[in-house]
Amino acid sequence: MKMNRRTFVAGTAVGAMALGRRTAAASDKVTIAVMGVRGRGRSLCEDFADLPDVNIAYLCDVDSRVFERAVKIVEGKKGKKPQLISDIRRALDDPAVDAVVVATPDHWHAPATILACDAGKDVYVEKPASHNIREGQLMLEAARRNGRVVQVGMQSRSRPSTQRAIEAVHSGRIGKVLMAKAWDVQLRDDIGHQKDSAPPPEVDYDNWVGPAPMLPFNENRFHYKWHWNWNFGTGDIGNDGAHQIDQARWALGVDLPTEVSGMGRKLCFQDDQQTPDTMTISFNYPDKVLLWEMRIWCPYGMEGIQNAMAVFGSEGSVHVGRMGGGRWGYRILDPDGNLILLDTDNAPEQHHSNFIECVRSREAPAADIQIGHTSTVLCHLGNIVARTGRHLKINPETEEIVGDAEAQALAGRQYRDHWATPQVT
């Protein structure tokens, strides 16, 4: 992409939300379709069903076995069974649908979002925003040209305790801030080895693969385990790291780096996972540094927290994550490492209600696609460092990797012929 990123955003974001084809009236319920209802998607069904001004009209999945639990949730909270579909185009063709919630594997995030935006629907899409950098750019373009509200599932942007932590950093509470560190240190499973097999009869595997290159069905590339295969997932830097990297970038007040270096390898798991189980990545800015560290074979976390981020200033530091008792919050330490403030709460999740409010108001949501895309680009750059083993130079304006054609090729992907294939230009 040769477009200047700042020029594009400035030229399209102003007033873009007013361009939408259909806007839910303040007196109406917002009607949604949920695409992908296993695991995270099922949780989103519950979150949106809890909102009184939301009507869940469709549940969409290519595995009919996962519908039952999601239907029970929606029926139990709304008293009405949604329509069950396996092709999202049925919901996109329905003029009564205001928005689509996308909780599919990563390789479907961009295609579904682009299709929904072009159909005049708003979108809540899970993190990471995209499977690769170019897809994220296409998502942003689709949202802006159609005047659509697109919220990325980076929930910390709507979490009161995290907002207070970032405010403390930005207010100068810990002095001059030069560095932040995000980490994912937790114990995940060794998935072992599986042979390719026929897909279950309840699964429309062709549409599960969608526009990605076709691979034979394999249980170690299917439900949840797709995270660890490059064809469908982005590894744990995209799965969990998207949250912590977004928080660290937010705290530092930075967008894209000028250089990225480090390593990503499989040090522990001798299994079918392709993505790293260990990473150390440095995102370098002219006057700041953002560090990423990942070890998904450890049970003990870091600084007493599994997945978190810390901001370091001249007068202290701030740690953000799940504190004691699993409560979300943050702590401030003085220059000697002494605790001077612990702030936690279990406030209700506000990210979903923020999205619905913005569907009505046409204002930009807390984790607008521009925010979600930029943070996700960092995840993709970390993966490209891991895959190439090279130091990368970045043009922050064009989002291009400079002077390395092989690395830049990993900023996009090849597609097969499918109805959801993005129109890459």
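# A tour from Glu 303 to the salt bridges

Start by selecting Glu 303, which is partly exposed because its relative accessible area is 48%, between the 20% and 50% cut-offs. Keep in mind that this is a predicted model. Glu 303 sits in the loop between β10 (289-295) and β11 (307-313). Check its backbone: phi is near 55°, a positive value in a residue other than glycine. Most residues other than glycine have a negative phi.

Now select Glu 399. Its phi is also positive, near 65°. Find Glu 399 in the loop between β15 (392-395) and β16 (400-402). Is Glu 399 buried or exposed? Glu 399 is buried, with a relative accessible area of 4%.

**Into helix α6**

Move to Lys 127 and Pro 128. A cis peptide bond joins them, with omega about -15°. Most peptide bonds are trans. Pro 128 belongs to the loop between β5 (122-125) and α6.

Next, select Asn 132. This residue caps the N-terminal end of α6. Look for its side-chain oxygen, 3.3 Å from the backbone nitrogen of Arg 134.

Select the whole helix, residues 133-145. How far apart are the end C-alpha atoms of α6? They are 19 Å apart. At 1.5 Å a residue, the 13 residues should span 18 Å, so the two values agree.

Show the surface around α6. Of its 13 residues, 12 are buried. Among them are Ile 133, Leu 138, Met 139 and Leu 140, but also Arg 134, Glu 135, Glu 141 and Arg 144. After the helix comes Gly 147, with a positive phi near 60°.

**The second largest pocket**

Stay with α6 and add α12 (369-388). Each supplies at least two residues to the lining of the second largest pocket. α12 gives the most, with 4 residues.

The pocket holds about 400 Å³ of space. Which of its 20 lining residues are closest to its centre? Select His 131, Arg 387, Leu 410, Gly 412 and Arg 413. Then colour the lining by class: 8 residues are nonpolar, 9 polar and 3 charged.

**Salt bridges**

The whole structure has 26 salt bridges. Three of the stops below show individual pairs, and the last shows a network.

First, select Arg 362 and Asp 122. Their side chains meet in a salt bridge, 2.8 Å from N to O. Arg 362 is in the loop between α11 (351-361) and α12, while Asp 122 is in strand β5. The two are 240 residues apart, so distant parts of the chain are linked. Both residues are buried.

Second, select Asp 246 and Arg 157. Their side chains form a salt bridge of 2.9 Å, N to O. Asp 246 lies in helix α10 (residues 241-252), and Arg 157 in the loop between β6 (150-152) and α7 (160-170). The pair therefore ties together parts that are 89 residues apart in sequence. Asp 246 and Arg 157 are both buried.

Third, select Asp 196 and Arg 221. The closest N and O atoms of this salt bridge are 3.1 Å apart. Asp 196 is in the loop between β7 (177-185) and α8 (205-209), and Arg 221 in the loop between α8 and α9 (235-239). They are 25 residues apart. Asp 196 counts as partly exposed, at 45% relative accessibility. Arg 221, at 15%, counts as buried.

Finish by returning to Arg 157 and Asp 246. Add Arg 249 and Asp 255: these four are linked in a network of salt bridges.

Technical notes:
Residues are numbered from 1 along each chain as its sequence is written. This is a predicted model: local features need pLDDT of at least 70, side-chain atom pairs count only at pLDDT 80 or more; totals for chains, interfaces and linings use all residues. Side-chain values use heavy atoms; hydrogens and water are left out. The expected span of a helix is 1.5 Å times one less than its number of residues. Buried means under 20% relative accessible area, exposed over 50%, partly exposed in between (1.4 Å probe, protein chains only). A polar contact is a pair of N or O atoms within 3.5 Å; within protein, one must be able to donate a hydrogen and the other to accept it, and residues adjacent in sequence count only if both atoms are side-chain atoms. On a 1 Å grid over the protein atoms alone, a cavity is a set of points where a 1.4 Å probe fits but cannot get out, and a pocket is an open set with protein on both sides within 12 Å along at least five of seven lines; lining residues have an atom within 4 Å of a point. Grid points are joined across faces, edges and corners, and a volume is the space filled by probe spheres set on the points. Ala, Val, Leu, Ile, Met, Phe, Trp, Tyr, Cys and Pro count as nonpolar, Asp, Glu, Lys and Arg as charged, and the others, Gly among them, as polar.
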